[in-house]
Amino acid sequence: MNFYQKQIKLKPYSRGFHLITNVVEHTLPEISQINIGQLQVFIKHTSASLTINENADFTVRTDFESHFNKMIPENAPYYKHTYEGSDDMPAHIKASLLGASIQIPITNGKLNLGIWQGIYLCEHRNHGGSRNIVVTAFGV
């Protein structure tokens, strides 16, 4: 079994949901050497997250942002963790709901995603800055 791992420092993204599938694939070209395996993508932050969803229609990403903001509002009177801004505590909640890592099968040297699936960076802060993700591929 072979293992490959790289850390990526992503450029700063605006608040919202962003496709990063191509960034991940280009960062770890060794994926092409794996016939059967797994790719794990892990984000090293508590106010941004990762998920897999629609890769074609950008309105899905816009609707995700709108729904999450309604479901988890800023300035809730019961938040205690507010010293980093009104978007901070909601960002932590959103990140916990979506999660810090995803796994994708690798088949015949390619990510085995569905035809309409892509990897999202979910930036939950107004000014989150650059984000670090660790990409690990393993298999035979």
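**Exercises on a strand sheet and a loop residue**

His127 lies in the loop between strand S7 (117–123) and S8. Strands (E, at least two residues) are DSSP runs, numbered from the N terminus. The model is predicted: local features need pLDDT of at least 70, side-chain atom pairs count only at pLDDT 80 or more, and totals for chains, interfaces and linings use all residues. Residues are numbered from 1 along each chain as its sequence is written, and side-chain values use heavy atoms, without hydrogens and water.

**Exercise 1.** State whether His127 is buried or exposed.

Step 1. Buried means under 20% relative accessible area, exposed over 50%, and partly exposed in between (1.4 Å probe, protein chains only).
Step 2. The relative accessible area of His127 is 76%, so His127 is exposed.

**Exercise 2.** Find which strands stand at the edges of the sheet.

Step 1. Two strands pair if DSSP finds at least two bridges between them.
Step 2. The open sheet has 5 strands in the order S1-S8-S3-S5-S6, with antiparallel pairing.
Step 3. S1 (2–9) and S6 (110–111) each have a single partner strand, so they stand at the edges and one side of each lacks a neighbour in the sheet.

**Exercise 3.** Describe how S3 (residues 36–43) is placed between its partners and which of its side chains are buried.

Step 1. S3 pairs antiparallel with S8 over 7 bridges; in S8, Ile133 is the bridge partner of Ile43.
Step 2. S3 is also joined by 7 bridges to S5 (residues 101–107), again antiparallel, and Leu39 stands opposite Ile104 in S5.
Step 3. Gly37, Leu39, Val41 and Ile43 point to one face and are buried, whereas Ile36, Gln38, Gln40 and Phe42 point to the other and are not.

Methods
Helix = DSSP H or I, 4+ residues; strand = E, 2+ residues; numbered from the N terminus.
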